[in-house]
Amino acid sequence: EHTQSTAKAASPSTTKKNMKQNNLHINLDSSVGVSILIVVLCIIIERQWRNYQQWDRKKKENKKNLNNAYIDLDSSGNWLTQIDLDSSVKSKKDDPNLLDISVLHHADDFLGEVRIEFPDSAEQKKDDTKIHDIEDLIKLYVQLKMVEKKFGSDHDKMYYPLASIAGVLTGQGKYEEALNNHAKALTIVENKWGSDDERLALILYNMGDVYRMQDEYDKAIDVLNRALAIQKEKHGQDHMKTADTLLIIANVLNGQGKYEEVMEKYQLVLPIYEKEYGSDSVDMAVLLNDIACTLYNQGKYKDAMEKYNRSLAITEKVYGMNHSDTINTRRNIEILREEMNKDDPDLLDISVHHHADDFL
């Protein structure tokens, strides 16, 4: 037996009213949800922005610290030299070679602490030679302090760290500090190995280069001539080390405007380069270009053009037409042509034909 329901059916108007109320609730719920979502997103974005600003400030602060506290060599060196070395070298204290192991160990420990305190330094080192130089300088400085502590300030083992520190300081533009370290190394080498030692020639060469960078040409010439005398005595007139010293002397003389003396040095270097590298080598092209520049400064334009053209032929053959060295040499030739045309208008026809040949 079926039971009949006693509930009354809802009227159409009541149903429509209920549907409108439900739609209103849904719309309200949707609006509230969107508002909450927007608020949450704003909070997330704000937090991310704050984190980025904090990271950026920390990065800038780290970089500042790396340029200041990080390279406080005196404090870092003194701190490291206070470490008791007995634990690391006591058992073999008669073996000086163990000192190098101890030095590097303590230096690496120190640099590890630096990287923990300034974590950005590890990333910056990938493309920042300054950071690399700072770390090298710290290691060398620590080595210097520890050698000095163990052997004394005038021991021959002080030569290498002093000379190496001078090289890094030169790269950083700290010329006076570099020269001070070179001078200390020079005294040690002279006392230990004598005034004609090849190590002395190297120090004198580097000192001359520093003086050149400071435009102290007379001082540069003095120390470079000493280096040249040692190189000639040890290796002879036609050796590459002699040629290298002759070239830097020529560079200094060029800065003084003593072009005749510059050409004398170049004439001595030319046969050495031809023997060592060959007449069509890139090194020869560079030398020919430098000689052409000096001839240009002397007003010897035809001789300069001949050297430029030889240099250009080599660079075009080795590097091609679009290499920077080729382009620079070609530009020098154009400048020279303009000067030649001013002095001799008849040369214009020659220049025109040359340009036409280049274009064709």
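# Close-up views of a helical protein

**Figure 1. Asn297 is part of helix α13.** The model shown here and in the views below is a predicted one. Asn297 is partly exposed, since its relative accessible area is 39%, a value that falls between the 20% limit for buried residues and the 50% limit for exposed ones. Which residues does Asn297 contact, once its neighbours within four places in sequence are left aside? The contacts are with Asn254 and Tyr259. Gly257 may also be located in this view: Asn297 and Gly257 are 40 residues apart in sequence, and the distance from C-alpha to C-alpha is 8.7 Å.

**Figure 2. Helix α13 is shown from its first residue to its last, together with the glycine that follows.** Helix α13 contains 16 residues, and its first and last C-alpha atoms are 23 Å apart. This span is close to the 22 Å expected at 1.5 Å a residue. The buried residues of α13 are Met284, Ala285, Leu287, Leu288, Asn289, Ile291, Ala292, Thr294 and Leu295. After α13 comes Gly299, which has a positive phi near 80°.

**Figure 3. Helix α12 contains a kink at Val269.** Helix α12 has 19 residues. Its first and last C-alpha atoms lie 25 Å apart, close to the expected 27 Å. The kink at Val269 is of about 25°, and the proline Pro271 comes shortly after it. Which residues of α12 are buried? They are Val262, Met263, Lys265, Tyr266, Val269, Leu270, Ile272 and Tyr273; the residue at the kink, Val269, is thus one of the buried residues. The elements that cover the buried residues of α12 include α11 and α13. Just after the helix, Gly278 adopts a positive phi of about 100°.

**Figure 4. The second largest pocket is lined by residues that include members of α11, α12 and α13.** A probe the size of a water molecule, rolled over the atoms, reveals where empty space remains. The second largest pocket holds about 210 Å³ of space. Its lining consists of Leu247, Ala250, Asn251, Asn254, Tyr266, Tyr273, Asp283, Val286, Leu287, Asp290, Cys293 and Thr294. Three elements each give two or more residues to this lining: α11 (240-255), α12 (259-277) and α13 (282-297). Which element provides the largest share of the lining? That element is α13, with six residues. Sorted by class, the lining has seven nonpolar, three polar and two charged residues. Several of the lining residues also appear in the other views: Asn254 lines the pocket and is in contact with Asn297, while Tyr266 and Tyr273 line the pocket and are among the buried residues of α12.

**Figure 5. Helix α8 (residues 175-193) packs through its buried residues against α7 and α9.** At 1.5 Å a residue, the 19 residues of α8 should span 27 Å, and the 26 Å between its end C-alpha atoms agrees with this expectation. Within α8, the buried residues are Ala178, Leu179, Asn181, His182, Ala185, Leu186, Ile188 and Val189. The helices against which these residues pack are α7 (159-171) and α9. Gly194, just after α8, has a positive phi of about 100°.

**Figure 6. Val210 belongs to helix α9.** Is Val210 buried or exposed? Val210 is buried, because its relative accessible area is 1% and the limit for buried residues is under 20%. Residues up to four places away in sequence not being counted, Val210 touches Thr170, Tyr175, Leu179 and His182. Two of these, Leu179 and His182, are among the buried residues of α8. Ala166 is 44 residues from Val210 along the chain, and the C-alpha atoms of the two are 9.8 Å apart. Gly167, in helix α7, is 43 residues from Val210 along the chain, with 9.6 Å between the C-alpha atoms. Gly167 is partly exposed, with a relative accessible area of 41%.

**Figure 7. Asp215 lies in the loop that joins α9 (198-213) to α10 (217-235).** Asp215 is not a glycine, yet its phi is positive, about 60°. Asp215 is exposed, because its relative accessible area is 52% and exposed means over 50%.

**Figure 8. The whole protein has 16 helices and zero strands.** Of its 360 residues, 33% are buried. Among contacts with a separation of 6 or more, 58% join residues 24 or more positions apart.

Note on methods. Residues numbered from 1 in each chain as written. Predicted model: local features only at pLDDT ≥ 70, side-chain atom pairs only at ≥ 80, totals over all residues. Heavy atoms only, no water. 1 Å grid on protein atoms, 1.4 Å probe; cavity = no way out; pocket = protein on both sides within 12 Å on 5 of 7 lines; lining within 4 Å. Points joined across faces, edges and corners; volume = space filled by probe spheres on them. Helix = DSSP H or I, 4+ residues; strand = E, 2+ residues; numbered from the N terminus. Nonpolar A, V, L, I, M, F, W, Y, C, P; charged D, E, K, R; others polar. Expected span 1.5 Å × (residues − 1). Bend = angle between axes of the 7 residues up to and from the residue. Buried < 20%, exposed > 50% of the residue type's maximum accessible area, 1.4 Å probe, protein only. Contact = heavy atoms within 4.5 Å.
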